[in-house]
Amino acid sequence: MLGVQIYTLRDYLKDEREICDTAEKLKKMGCDCVQLCHGDQSLEEICRIFSEVGITVIGTLSNLDKLEKNPTLFDTCKKYGLKDIGISSSVITEEEVKAMIPRVNAFAKKVVENGFTFSYHNHANEFTRLPSGKTVMDSFLAGFTEDVTFMPDTFWLQTGGADVREWIAKNSKRITMLHLKDMAVVDRKPTFAEIGQGNMNFVSITEEAKKAGIDTFIIEQDVCLRDPFESVKMSINYLRRISL
């Protein structure tokens with residue numbers, strides 16, 4: 001299943017008309033599903049609109065504070081058939097890790113008890129090395145219970161210094177879906193790029209992911225240097241050409 005994280009198109013979700021137009025454009029591009037992020041619109045509204053257009057809403061990604069404070073989260077996700085509820089964080093210190101692990105475990109337990117998978121989405125901060133010699137991610141992998149799965153991001157794994165294919169292979173049993181994001185170099189700096197337009201080997205990355213049993217792939221591009229809809233279309237077309 002090939003989908004899009006709608007954060008990529010966040011500037012085109014200001015009202016009901018824009019959300020509907022965005023959903024229709026994605027459907028025409030051959031997008032199978034979307035993963036939501038919490039923006040200005042309510043989860044209920046955006047789920048309803050994408051569902052009416054015929055785009056599967058596979059999950060939502062936010063921060064733990066927002067999810068914990070949403071009293072209708074589980075009911076809305078059940079109503080629209082979402083499968084996964086995920087978070088990301090900016091944790092970088094030993095103290096933050098120690099505080100984060102039990103809190104995530106407690107919330108993940110509630111998510112799983114309500115019939116969903118719970119996933120943790122990484123950025124580069126999780127590869128900060130702590131005084132113990134372990135990275136934040138090492139601590140999360142060891143400290144999170146089996147209720148917590150992972151939603152790795154190819155760009156941020158590479159930015160953090162991890163070997164993308166090796167990380168996927170090593171942690172395959174705990175991965176629910178994969179965020180696909182390419183990396184180019186512009187003015188000597190790593191830059192977000194459309195899949196296939198950067199320097200990452202997505203033929204081998206997706207082969208490794210499929211070998212690991214991953215069947216849900218989510219395109220995300222934090223910053224687009226052209227029209228974001230064109231960027232998404234380029235990424236979808238490339239991934240379809242390599243048989244994803």
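Q: What follows H9, and what is the sign of its phi?
A: In this predicted model, H9 is followed by Gly213, and the phi of Gly213 is positive, near 90°.

Q: And what happens at the start of H9?
A: There a side-chain oxygen of Asn201 reaches toward the backbone, coming to within 3.3 Å of the backbone nitrogen of Val203.

Q: Which residues of H9 are buried?
A: The buried residues in H9 are Phe202, Ser204, Ile205, Thr206, Glu208 and Ala209.

Q: What covers them?
A: The cover over the buried residues of H9 includes two helices, H7 (154-159) and H8 (164-170), together with S7, S8, S10 and H10.

Q: Glu208 is on that list, so what does its side chain pair with?
A: The side chain of Glu208 meets that of Lys211 in a salt bridge, with an N to O distance of 3.8 Å. The two residues are 3 apart in helix H9 (residues 202-211), which means that about one helical turn separates them.

Q: Are both ends buried or exposed?
A: The two ends differ in class, since Glu208 is buried with a relative accessible area of 17%, whereas Lys211 counts as exposed at 66% relative accessibility.

Q: How many salt bridges does the structure hold?
A: The structure holds 14 salt bridges. As general background, side chains of opposite charge can pair when their charged atoms come close.

Q: Which residues are joined into one network by salt bridges that share partners?
A: Asp153, Lys181, Glu220 and Asp222 are joined in that way. Within this group, the side chains of Lys181 and Asp222 meet at 2.7 Å, N to O.

Q: Where do Lys181 and Asp222 lie?
A: Lys181 lies in the loop between strand S7 (178-180) and strand S8 (182-186), while Asp222 lies in the loop between strand S10 (217-219) and helix H10 (228-241), so the pair ties together parts that are 41 residues apart in sequence.

Q: Is that pair buried or exposed?
A: Lys181 counts as buried at 0% relative accessibility, and Asp222 also counts as buried, at 13%.

Q: Switching to H1, which side chain meets that of Asp21 in a salt bridge?
A: The partner is Lys25, and the N to O distance between the two side chains is 3.4 Å. Asp21 and Lys25 are 4 residues apart in helix H1 (residues 16-29), so about one helical turn lies between them.

Q: How does the accessibility look for those two?
A: Asp21 is partly exposed, with a relative accessible area of 32%, and Lys25 is likewise partly exposed, with a value of 35%.

Q: How far apart are Asp21 and Arg165?
A: Measuring from C-alpha to C-alpha, Asp21 and Arg165 are 36 Å apart in space, and they are 144 residues apart in sequence.

Q: Last topic, how many disulfides are there?
A: The count comes to 0 disulfides.

Q: Why is Cys20 without a bond?
A: The closest cysteine sulfur to that of Cys20 belongs to Cys31 and is 15 Å away, which is too far for a bond. Cys20 itself is partly exposed, with a relative accessible area of 24%.

Q: And what about Cys77?
A: Cys77 is in no disulfide either, and the nearest cysteine sulfur, that of Cys47, is 6.3 Å away, whereas the cut-off for a disulfide is 2.5 Å between sulfur atoms. Cys77 is buried, with a relative accessible area of 0%.

How values were computed
Residues numbered from 1 in each chain as written. Predicted model: local features only at pLDDT ≥ 70, side-chain atom pairs only at ≥ 80, totals over all residues. Heavy atoms only, no water. Salt bridge = Lys/Arg side-chain N within 4 Å of Asp/Glu carboxyl O. Buried < 20%, exposed > 50% of the residue type's maximum accessible area, 1.4 Å probe, protein only. Contact = heavy atoms within 4.5 Å. Polar contact = N/O pair within 3.5 Å; in protein donor to acceptor, adjacent residues only side chain to side chain.
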